[in-house]
Protein chains: 4
Amino acid sequence: MQKNITLGTGLQIGGDSFVVMAGPCAVETRERLLAVADAVLAAGAVVLRGGAFKPRTSPFAFKGLGVPALEILAEAREQTGLPVVTELLDSTHAELVHEYADVVQIGARNMQNYSLLKHAGRAGKPVLLKRGLSATIQELLLSAEYILAEGNRQVILCERGVRGFDTATRNLFDLSAIPVVHGLSHLPILADPSHGTGHRDMVIPMARAAVAAGADGLLVEVHPNPERALSDGAQSLYPEQFERLMRETRIIVEAIGRRVAEPAGARA
Amino acid sequence: MQKNITLGTGLQIGGDSFVVMAGPCAVETRERLLAVADAVLAAGAVVLRGGAFKPRTSPFAFKGLGVPALEILAEAREQTGLPVVTELLDSTHAELVHEYADVVQIGARNMQNYSLLKHAGRAGKPVLLKRGLSATIQELLLSAEYILAEGNRQVILCERGVRGFDTATRNLFDLSAIPVVHGLSHLPILADPSHGTGHRDMVIPMARAAVAAGADGLLVEVHPNPERALSDGAQSLYPEQFERLMRETRIIVEAIGRRVAEPAGARA
Amino acid sequence: MQKNITLGTGLQIGGDSFVVMAGPCAVETRERLLAVADAVLAAGAVVLRGGAFKPRTSPFAFKGLGVPALEILAEAREQTGLPVVTELLDSTHAELVHEYADVVQIGARNMQNYSLLKHAGRAGKPVLLKRGLSATIQELLLSAEYILAEGNRQVILCERGVRGFDTATRNLFDLSAIPVVHGLSHLPILADPSHGTGHRDMVIPMARAAVAAGADGLLVEVHPNPERALSDGAQSLYPEQFERLMRETRIIVEAIGRRVAEPAGARA
Amino acid sequence: MQKNITLGTGLQIGGDSFVVMAGPCAVETRERLLAVADAVLAAGAVVLRGGAFKPRTSPFAFKGLGVPALEILAEAREQTGLPVVTELLDSTHAELVHEYADVVQIGARNMQNYSLLKHAGRAGKPVLLKRGLSATIQELLLSAEYILAEGNRQVILCERGVRGFDTATRNLFDLSAIPVVHGLSHLPILADPSHGTGHRDMVIPMARAAVAAGADGLLVEVHPNPERALSDGAQSLYPEQFERLMRETRIIVEAIGRRVAEPAGARA
């Protein structure tokens with residue numbers, strides 16, 4: 001079975017192509033998002049991430065800008081040529097998110113929200129399915145089946161850490177999930193070292209490790225001013241750190257015989 | 001702040017009242033459900049549980065009868081006088097479930113499905129909120145805040161085990177959650193020894209333990225023929241085991257100065 | 001196979017007898033130990049606990065008084081008639097500890113210290129084997145086999161919590177271990193709600209729960225002045241709390257048809 | 001503070017030097033050990049591992065050959081020039097193990113066996129300290145302090161996986177421990193992908209990942225005929241797989257600007 005997924009822009013996910021998706025946790029303002037979009041494009045990202053609707057543990061925390069964020073993401077796509085990945089949090093937003101997103105993300109908290117999985121399965125867009133905090137890999141693959149069963153073959157998995165007992169990291173980043181998934185499934189799997197570690201200083205080494213373990217790409221949080229981010233600041237890279245991440249991971253991507261996917265503009 | 005929740009039938013949850021909710025994992029047929037409703041009523045349950053819409057790890061497993069199950073539950077309520085608790089799995093069913101259910105259950109997988117929590121918050125019905133598989137108690141309480149923030153003060157928490165490393169039990173039943181919740185919140189908390197252990201033979205001792213730890217009630221799976229149950233058979237009690245559970249827990253309920261809530265008919 | 005263990009004083013562990021072992025984490029001074037020994041005897045404990053050699057995560061923490069503590073424990077036994085349980089931490093102390101202790105404790109950190117288990121197996125004294133922080137119940141039982149294989153049949157198991165992800169408690173107190181052990185083994189099993197929870201306010205409800213789950217006894221930390229304890233202060237009961245624990249657990253012990261073991265003096 | 005440890009053979013551990021230690025779980029026969037020693041030397045290992053005294057969950061499992069194994073290891077060292085790492089399991093073997101071993105290993109089960117740590121601290125030999133199954137990184141570092149406090153500065157840490165909930169792997173290999181340790185300590189840290197995964201097919205990708213995360217070396221199980229190994233067969237590499245591991249990790253070691261340490265003979 002084929003192991004690749006191809007976005008409308010021609011970007012291939014899986015196979016020998018290594019894709020980096022980057023951007024802020026949440027879209028906070030038009031200016032910040034456009035700035036970070038330019039920065040991640042310049043550094044080599046091929047997909048722009050940014051949350052419009054944010055799942056938050058507390059109902060009193062910042063929950064994203066909603067529809068205006070989707071419009072800002074569309075503007076950034078226009079400006080940079082980068083396809084956009086954003087989270088589908090609620091099935092009532094499904095049409096809206098499917099309209100704006102190039103890749104529809106299902107977050108860790110919703111990995112077993114089966115009704116949402118079915119909506120994503122009917123999106124006609126690739127779906128990025130993140131592993132739940134206490135999900136086994138088998139459970140992750142069975143959640144993917146919910147999407148596949150709707151006729152959508154374009155599922156991209158993502159390891160982002162599971163709940164562990166050591167508070168030295170936010171989550172326990174289970175990179176072994178990568179060879180396990182590759183042994184059991186044809187689906188590509190990305191790694192998210194931002195959530196996987198929760199600490200900016202660990203993101204680069206663990207991004208390198210994810211590449212070496214065989215991940216098909218990375219999902220990385222980058223913010224123009226992480227100290228002031230409205231969410232996930234502690235794990236967001238400064239733009240110059242993201243450049244370093246791209247340099248250091250590129251070396252390993254090439255050392256293991258893969259290639260870093262280039263932005264559509266660069267491919268043209 | 002008051003610690004009690006009162007159902008329409010006059011049943012009080014919290015305070016010195018100890019409530020037992022029992023029934024099958026899922027409504028499978030009208031006959032089986034009506035039989036088990038009679039049995040749990042006779043043994044002393046005051047709320048009938050039964051799933052109409054079931055969250056299942058695999059898309060190919062039995063997912064409940066849906067609307068016909070809600071109608072069967074309503075018939076059982078009519079017949080027995082027992083109020084009904086059933087799970088709200090998907091916000092598109094919210095009106096329907098709110099119409100049929102006396103208590104709306106939010107399952108463990110959906111503890112952080114915030115859009116669903118908000119729907120439950122607008123139900124005008126008490127909500128039974130189960131702890132997620134890897135949720136901290138603080139996260140459980142913050143999920144309850146999503147419901148409370150919609151103006152619904154009638155939230156009942158439920159400990160049902162968290163993910164652990166020992167396969168001797170299905171989950172790791174964290175009874176310490178009960179005193180922790182009682183120290184931090186005014187909300188009542190039930191315990192579900194069926195999911196908490198996953199094995200029929202451990203349900204009774206752990207039900208007794210939950211009472212002794214201070215739980216405000218129990219949620220127990222009972223099936224007329226567990227060997228043939230379409231889901232959760234291994235952890236479902238035979239009706240005669242449920243009678244024994246009621247006898248053994250009643251002794252402890254009374255030993256610690258509480259009383260087992262009586263069915264509405266018995267109260268009249 | 002017989003399920004009871006009988007100490008030299010005639011105290012029976014297992015069967016219908018419910019035993020409470022109590023005392024400080026560590027022997028700190030002669031005065032404090034003798035005072036707490038009198039207090040726990042008065043409240044109904046039948047075995048005195050107290051550490052002479054303490055395993056500590058940091059080499060710079062208080063590690064116990066060593067041999068003088070063993071002598072103080074012997075004096076307390078003389079004074080109160082209570083047999084003594086104390087930890088064997090190092091095989092070089094084996095003869096010494098075997099000489100002074102009535103029950104030899106193997107701590108959680110040493111559950112898989114097989115050479116120490118063999119020394120305990122040759123003690124000719126009952127052994128209290130605590131479950132390791134990440135040990136499955138099967139591993140606990142296999143560690144007991146190391147002691148049994150040396151010809152010592154007097155092994156008492158102890159559930160004391162495993163490592164969990166929720167910092168609301170020090171450990172995740174796995175009371176399901178009690179019915180699991182009773183289903184797999186003839187060995188008695190105690191519960192330690194002090195380490196199981198790590199917080200004084202949770203010790204009493206979880207002690208009650210342990211009784212109700214079927215534990216054959218309790219191991220409880222009591223200190224005359226917990227605020228000043230050199231170790232485990234936060235989880236040590238005040239003597240008056242321990243009296244309350246005895247009253248509240250006695251009610252449940254009797255409700256389930258067992259009896260609280262009486263001190264040797266009382267038995268005479 | 002210096003970050004390097006130098007063995008008697010001149011082999012440097014830490015700094016830019018990347019060391020690979022390999023060999024069987026246990027020494028089983030002279031012939032097999034000498035064969036595997038030749039094979040790992042040929043492939044590029046610089047330290048030979050092999051257990052003489054094995055900690056086993058069950059007292060009825062193969063527990064190692066004991067002293068004869070130490071003699072076989074010494075013969076293999078003589079033949080290949082490879083220094084030897086072997087486990088100190090019991091303080092009564094301390095003199096013996098210190099005499100034969102070039103590096104003294106403290107296993108995961110003994111990470112908090114403080115008396116053993118002190119014996120290792122007085123060995124006058126480098127100590128390889130493996131992380132316990134449920135140890136936090138802070139606890140690992142505090143266990144290292146027990147060795148350092150005896151005046152032995154030559155401590156090498158080792159990540160080997162912690163207990164997790166997913167049975168797809170034997171342990172949950174926590175590679176984030178590597179940047180965490182590098183941020184908190186001057187001690188070098190190796191990774192053990194054999195225990196970290198428990199499955200031969202995952203060892204190579206996770207070995208690559210460990211290199212990329214910044215590990216200072218690897219500890220790898222290799223057996224001439226893993227299907228017949230008396231312990232850890234499922235996670236032991238065939239010699240030809242180990243050659244591939246060396247080729248694939250070397251590419252990454254060099255890509256990140258380090259160098260694979262060469263055997264003493266090669267250095268001469």
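Which residue of chain B comes closest to the rotation axis? The answer, B:A209, appears in the first view below, at 2.1 Å from the axis by its C-alpha atom. This is a predicted model, in which local features need pLDDT of at least 70 and side-chain atom pairs count only at pLDDT 80 or more, while totals for chains, interfaces and linings use all residues. Residues are numbered from 1 along each chain as its sequence is written, chains are lettered from A and ligands numbered from 1 in the order in which they are written, and side-chain values use heavy atoms, with hydrogens and water left out.

**View 1. The axis between chain B and chain C.** Let us start with the symmetry. Chain B is superposed on chain C by a rotation of 180° with 0.0 Å of shift along the axis, and the RMSD is 0.0 Å (a least-squares fit on the C-alpha atoms of residues with pLDDT of at least 70 in both copies). B:A209 is the residue of chain B that comes closest to this axis. Both copies use the same surface, as 100% of the contact residues of chain B recur in chain C (contact means heavy atoms within 4.5 Å).

**View 2. The surface shared by chain B and chain C.** Here 32 residues of chain B are in contact with 32 residues of chain C. About 2400 Å² is buried between the two chains, and carbon and sulfur atoms give 73% of it (buried area is the accessible area, for a 1.4 Å probe, that two parts lose on being put together, summed over both). B:F165, B:L172 and B:S176 are worth picking out: they supply 21% of the area that chain B buries against chain C, more than any other three residues.

**View 3. Polar pairs and helices between chain B and chain C.** This interface has 2 salt bridges (a side-chain nitrogen of Lys or Arg within 4 Å of a carboxyl oxygen of Asp or Glu). In one of them, B:D166 meets C:R131 with N and O 3.4 Å apart. There are also 6 residue pairs in polar contact, both residues at pLDDT 80 or more (N or O atoms within 3.5 Å; within protein, one must be able to donate a hydrogen and the other to accept it, and residues adjacent in sequence count only if both atoms are side-chain atoms). On the chain B side, α6 (177–184), α8 (200–213) and α9 (239–255) each give two or more residues (helices are DSSP runs of H or I with at least four residues, strands are runs of E with at least two, and both are numbered from the N terminus). α8(B) gives the most, with 7 residues.

**View 4. The axis between chain C and chain D.** A rotation of 180° with 0.0 Å of shift along its axis brings chain C onto chain D, with an RMSD of 0.0 Å. That is the relation of a two-fold axis. C:S134 is the residue of chain C closest to the axis, its C-alpha lying at 2.8 Å. Once again the same surface serves both copies, with 100% of the contact residues of chain C recurring in chain D.

**View 5. The surface shared by chain C and chain D.** In this pairing, 26 residues of chain C are in contact with 26 residues of chain D. The buried area is about 2200 Å², with 54% from carbon and sulfur atoms. C:T57, C:Y146 and C:R163 supply 23% of what chain C buries against chain D, more than any other three residues. Across the interface there are 2 salt bridges, including the one between D:R163 and C:E139, whose closest N and O atoms are 2.7 Å apart. Polar contacts number 17 residue pairs, both residues at pLDDT 80 or more. α5(C) provides the largest share of the chain C side, 5 residues.

**View 6. A close look at A:E159.** This residue sits in strand β8 (residues 155–159) of chain A. A:E159 is buried, with a relative accessible area of 0% (buried means under 20%, exposed over 50%, and partly exposed in between, with a 1.4 Å probe and protein chains only). Leaving out residues up to four places away in sequence, A:E159 touches several others, among them A:R131, A:L172, A:I189 and A:D192. A polar atom of the A:E159 side chain lies 2.9 Å from the backbone nitrogen of A:D174.
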